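This report looks at one helix, a neighbouring loop residue and the aromatic pairs of the structure shown here.

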Amino acid sequence: MTILNVLVVGEVDTGKSTFIDIHTNDDGTYNDMSISNVDGVEYKVKYHEFTDGEDKKKQYKDKDLILLCFAVNNVPSYKKLDEHYVKEATEFGKGTPMMAIGTKCDLRDDPERDDMVSIEQGIDMAIKVGASAYLECSTASNFNLDALQEELVRVILINREAERNKTSNFSFGIVKFLLGR
């Protein structure tokens, strides 16, 4: 079975750890790998959570995909992603495909708040960094989690094929999964 290595990057409290935990063992025990079935083929997805204090270059090395995460209810996490993590990802993860991920999208419907990161801002971030897709998800409501897992496998596979053929690696998953279809 093919192992795909995914680096999950973003500010603290964006839901990165929860996302990784949900895609691990059903019994609640920790395991950083998840099995994904795409087009009848099983892939093991191994998640690596970025840690600020560790050697950055080493963390980005040999990754098949970088997930750039921000919480839609946390504008500072979006700004820090834009101002800090994107620069690192493009420098240390050169040539590695990226996906922009808006987490905690279930909180977008909170009528008490008007300081949310908009869907348009998420798409703008994806375009700015040359991401292969932008998706929103929620671990609290399980919205788009399986779709995200499947899409990230597809992005990796498309990128590998593009590398072999030297063609574009754009994924049309941006709108399809954003709308939950």
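What should helix α3 span at 1.5 Å a residue, and how far apart are its end C-alpha atoms? The model is predicted, so local features need pLDDT of at least 70 and side-chain atom pairs pLDDT 80 or more, while totals for chains, interfaces and linings use all residues. Residues are numbered from 1 along each chain as its sequence is written, and side-chain values use heavy atoms, with hydrogens and water left out.

Helix α3 (residues 75-92; helices are DSSP runs of H or I with at least four residues, strands runs of E with at least two, numbered from the N terminus) has 18 residues and should span 26 Å, and this agrees with the 25 Å between its end C-alpha atoms; the expected span is 1.5 Å times one less than the number of residues. A kink of about 45° is centred on Leu81, the bend being the angle between axes fitted to the seven residues ending there and the seven starting there.

Leu81 is also one of the buried residues of α3, where buried means under 20% relative accessible area, exposed over 50% and partly exposed in between (1.4 Å probe, protein chains only). The cover over these buried residues includes β1, β4 and α4, judged by contact, that is, heavy atoms within 4.5 Å.

The whole structure holds five aromatic pairs, in which ring centres of Phe, Tyr or Trp (its six-membered ring) lie within 6.5 Å, with planes under 30 degrees apart stacked, over 60 edge-to-face and the rest tilted. Two of them are listed below.

| Pair | Centre to centre | Angle between planes |
|---|---|---|
| Phe50 and Tyr85 | 6.0 Å | 85° |
| Phe70 and Tyr78 | 5.1 Å | 80° |
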